[in-house]
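Thank you all for coming; I would like to walk you slowly through one structure this morning, and I will try to keep the path easy to follow. Please have a look at the sequence and the model before I go on.

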Amino acid sequence: EEETSLISWRAHAGWIGEIQFLSQQNEESNLLLTASNDKMIALWDLNLSASSGKRMLPKQVVSMAAHDGGIFSMHEVGGVIASAGK
């Protein structure tokens, strides 16, 4: 039997070093943080979607360049994000 992922998309230009669901969410939200070797931290809403051809993908809510080099570690608690990069 072929296995399929629940959701898969190209979130960054580089490899992803960390991924974490936001610690404090309300009942309507499903927010995911990603940190990547492309220097970016991004917040995604898995309940909203953006069209990419025939597939519906998570919508990027916000992103920011957090370091001068790639990010290899990130942790979020109570809306505060700590990250480490090159």
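Let me start inside the protein, where the largest nonpolar core has 8 residues, namely Leu 22, Leu 31, Leu 33, Ala 35, Ile 41, Leu 43, Ile 71 and Met 74. Two or more residues of this core come from each of strand 2, strand 3 and strand 5, the last of these covering 71-77, and it is strand 2 that gives the most, with 3 residues. There is also a second, separate core, made of 6 residues, and among them are Trp 9, Ala 11, Leu 32 and Leu 57. I should say early on that what you see is a predicted model, so please keep that in mind throughout.

Now a step back to the whole chain. The protein has 0 helices and 6 strands, so that reading from the N terminus the elements simply run β-β-β-β-β-β. Of its 86 residues, 28% are buried, and the accessible surface comes to about 5900 Å², with 52% of that belonging to carbon and sulfur atoms. If we take the contacts between residues at least 6 apart in sequence, 39% of them join residues at least 24 apart.

With that in place, let us return to one member of the core, Leu 31, which sits in strand 2, residues 31-36. Is Leu 31 buried or exposed? Its relative accessible area is 14%, and because buried means under 20%, Leu 31 counts as buried. Beyond residues up to four places away in sequence, Leu 31 touches Phe 21, Leu 22, Gln 25, Leu 43, Trp 44 and Asp 45. For Phe 21, which is 10 residues away along the chain, the C-alpha atoms of the pair are separated by 5.9 Å. Leu 43, another residue of the core, has its own list of contacts outside its sequence neighbourhood, including Leu 22, Leu 31, Leu 33, Lys 59 and Val 62.

One of the partners of Leu 31 deserves a closer look, and that is Asp 45, which lies in strand 3, residues 40-52. Which side chain of opposite charge is nearest to Asp 45? It is Lys 59, at 9.2 Å, and Asp 45, although buried, has no salt bridge. A polar atom of the Asp 45 side chain does, however, lie 2.8 Å from the backbone nitrogen of Asn 47. Leaving out residues up to four places away, Asp 45 touches Asn 30, Leu 31, Pro 58, Lys 59 and Val 61.

Going back to strand 2, we also find Ser 36 there, and its relative accessibility is 0%, so it counts as buried. A polar atom of its side chain lies 3.2 Å from the backbone oxygen of Gly 14. Apart from neighbours within four places in sequence, Ser 36 is in contact with several residues, among them His 12, Gly 14, Trp 15, Gly 70 and Ile 71.

Finally, between strand 2 and strand 3 there is a loop, and in it we find Lys 39. Its phi is near 80°, which is a positive value in a residue other than glycine. Lys 39 has a relative accessible area of 37%, and because this falls between the 20% and 50% limits, Lys 39 is described as partly exposed. I will stop there, and I am happy to go back to any of these residues.

Methods. Residues are numbered from 1 along each chain as its sequence is written. This is a predicted model: local features need pLDDT of at least 70, side-chain atom pairs count only at pLDDT 80 or more; totals for chains, interfaces and linings use all residues. Side-chain values use heavy atoms; hydrogens and water are left out. Helices (H or I, at least four residues) and strands (E, at least two) are DSSP runs, numbered from the N terminus. Buried means under 20% relative accessible area, exposed over 50%, partly exposed in between (1.4 Å probe, protein chains only). Contact means heavy atoms within 4.5 Å. Lys and Arg count as positive and Asp and Glu as negative; His and the chain ends are not counted. A salt bridge is a side-chain nitrogen of Lys or Arg within 4 Å of a carboxyl oxygen of Asp or Glu. A polar contact is a pair of N or O atoms within 3.5 Å; within protein, one must be able to donate a hydrogen and the other to accept it, and residues adjacent in sequence count only if both atoms are side-chain atoms. A nonpolar core is a set of buried Ala, Val, Leu, Ile, Met, Phe, Trp, Tyr and Cys residues joined through side-chain atoms within 4.5 Å. Accessible areas come from the Shrake-Rupley method with a 1.4 Å probe; for residues, only the protein chains shown count as cover.
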